[in-house]
Amino acid sequence: MSGKVCDGLPIAWAFDYIFENGIAYREFYHHTNKEEECKLIPDEQKYHIAGYEKPSVYNKLGLFDLVMKGPTAVLMVFFHRNIYLHHN
């Protein structure tokens, strides 16, 4: 993973980045909502992912395949300006 990662990454790359580099505990890397230089955080102040598995294909069949192997966590992200929240 290279480039200006502090500017953000596509969500699909997030686990790859965290797997390779870890991600800082909130108490050591606060969100500032300002453009600043990336801070270097020591490994002992980061969460690390021990491992994960990607789907063979990015559709419901790939998801079903992962679910059949065991417990599966799913992240769903929607980017559409016409999605509205409706409730009674």
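Helices are DSSP runs of H or I with at least four residues, numbered from the N terminus. In this predicted model, helix α2 spans residues 60-69 and includes phenylalanine 64.

The chain holds 2 helices and 2 strands. Along the sequence, these elements follow the order α-β-β-α. The chain has 88 residues, of which 9% count as buried. Its accessible surface comes to about 8,400 Å². Carbon and sulfur atoms contribute 57% of that surface. Among contacts in the chain with a separation of 6 or more, 35% join residues 24 or more positions apart.

Phenylalanine 64 of helix α2 also belongs to a nonpolar surface patch. The patch covers about 520 Å². Its other members are Val57, Leu61, Leu63, Val67 and Val74. The relative accessibility of phenylalanine 64 is 47%. Phenylalanine 64 therefore counts as partly exposed, because that class lies between the 20% limit for buried and the 50% limit for exposed.

Lysine 46 presents another case. This residue is found in strand β2, which covers residues 46-47. Its relative accessibility is 17%. Lysine 46 therefore counts as buried, because the cut-off is under 20%. The side chain of lysine 46 reaches the backbone oxygen of asparagine 21 at 3.1 Å. Asn21 is also one of the residues in contact with lysine 46 when neighbours within four places in sequence are left aside. The others on that list are Gly22, Ile23, Ala24, Tyr25 and Ile41.

Terms used
Residues numbered from 1 in each chain as written. Predicted model: local features only at pLDDT ≥ 70, side-chain atom pairs only at ≥ 80, totals over all residues. Heavy atoms only, no water. Patch = residues over 30% accessible without salt bridge, like charges linked within 9 Å, V, L, I, M, F, W, Y side chains within 5 Å. Areas by Shrake-Rupley, 256 points an atom, 1.4 Å probe, with all protein chains shown as cover. Salt bridge = Lys/Arg side-chain N within 4 Å of Asp/Glu carboxyl O. Buried < 20%, exposed > 50% of the residue type's maximum accessible area, 1.4 Å probe, protein only. Contact = heavy atoms within 4.5 Å. Polar contact = N/O pair within 3.5 Å; in protein donor to acceptor, adjacent residues only side chain to side chain.
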